[in-house]
Amino acid sequence: MSSRDYTEHHLELPSLVGRPCFLSLATNSVKLHIDENKEDGTYLWIDPPWQFGRHGVVIESSDSCPFHEDADYNRKFAEWCSRFEPAFDTRIESIEALPDGSLWISLALGYAFFVPAEFFPEDPPL
């Protein structure tokens, strides 16, 4: 989440609490479908960097995604994706965004996504 995204959308985030969500992965980006798992529905798109974990322990991150030119990439990517199984069909328990662009999305059973503050102090001008 960028500071621009925060400014434009942070007031909408509380409405996501308690709603079902469904995870899909596009290489090392995350798509959290809201309410139903359909292509053109409502979703949160999370670009790197991010971390996925449970009870403060990181399980995987955008950085741990296998590189597409690695030997045996398909097997490695499938194995990496399998560690997100608890988030494939879950519910948003809480969501917190800060003006610096950092974001916490807490899911059922103690799982969570964390997106750190953006790398640059401000978004580039349009």
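## A walk across the sheet

Start with the whole chain in cartoon view: eight strands make an open sheet in the order β3-β2-β1-β6-β7-β8-β4-β5, with antiparallel pairing. Helices (H or I, at least four residues) and strands (E, at least two) are DSSP runs, numbered from the N terminus, and two strands pair if DSSP finds at least two bridges between them. At the edges stand β3 (43-46) and β5 (57-61), each with a single partner strand, so one side of each has no neighbour in the sheet. From one strand to the next, the twist averages 30°; axes here are lines fitted to C-alpha atoms, for helices over the stretch in contact, and angles run from 0 to 180 degrees between N-to-C directions.

A word on what you have open: this is a predicted model, in which local features need pLDDT of at least 70, side-chain atom pairs count only at pLDDT 80 or more, and totals for chains, interfaces and linings use all residues. Residues are numbered from 1 along each chain as its sequence is written, and side-chain values use heavy atoms, with hydrogens and water left out.

**Stop 1: β2 and its partners**

Select β2 (29-34). How many of its six residues are buried? Six of the six are, so β2 is mostly covered; buried means under 20% relative accessible area, exposed over 50%, and partly exposed in between (1.4 Å probe, protein chains only). In a regular strand the side chains alternate between the two faces of the sheet. Show the side chains here and you'll find S29, K31 and H33 pointing one way, with V30, L32 and I34 pointing the other.

Now bring in β1 (20-26). It runs antiparallel to β2, and six bridges join the two. Pick C21 and look across to its bridge partner in β2, I34. Then slide to the turn: the hairpin of β1 and β2 has two residues between the strands, and T27 takes a positive phi near 50°.

On to β3, which pairs with β2 in the antiparallel sense over four bridges. The pair to click is L32 and its bridge partner in β3, L44.

Stay in β2 and zoom in on S29, which is buried at 7% relative accessible area. Its side chain is joined to that of D47 by a polar contact of 2.9 Å (a pair of N or O atoms within 3.5 Å; within protein, one must be able to donate a hydrogen and the other to accept it, and residues adjacent in sequence count only if both atoms are side-chain atoms). Beyond neighbours within four places in sequence, S29 is in contact (heavy atoms within 4.5 Å) with S24, W45, I46, D47, P48 and W50.

**Stop 2: W50 and the core**

Follow that last contact to W50. Along with I105, L107 and F113, W50 touches the most other members of the largest nonpolar core, which has 29 residues. Such a core is a set of buried Ala, Val, Leu, Ile, Met, Phe, Trp, Tyr and Cys residues joined through side-chain atoms within 4.5 Å. Which element gives the most to this core? Select α2, which supplies four residues.

Back at W50, its contacts outside the four-place sequence window include V30, E60, W80, F84 and F113.

**Stop 3: the far side of the sheet**

Strand β4 (residues 51-54) pairs antiparallel with β8 (residues 111-115) over four bridges. Select Q51 and you'll see it opposite F114 in β8.

Next, click L103 in β7, buried at 7% relative accessibility. Draw a distance from its C-alpha to that of A117: the two are 14 residues apart in sequence and 7.7 Å apart in space.

**Stop 4: the charged pairs**

Finish with the salt bridges, of which the structure holds seven. Each is a side-chain nitrogen of Lys or Arg within 4 Å of a carboxyl oxygen of Asp or Glu.

Select E60, D72, R75, E79 and R83 together, as these are linked in a network of salt bridges. Within it, R75 meets D72 with the closest N and O atoms 2.4 Å apart; R75 is partly exposed at 43%, and D72 is partly exposed at 43% relative accessibility. E79 and R83 meet at 3.6 Å, N to O, with E79 partly exposed at 38% and R83 partly exposed at 32%.

For the last click, go to R91 and E93, a salt bridge with its closest N and O atoms 2.5 Å apart. Buried or partly exposed: which is R91? It is partly exposed, at 39%, and E93 is partly exposed at 35%.
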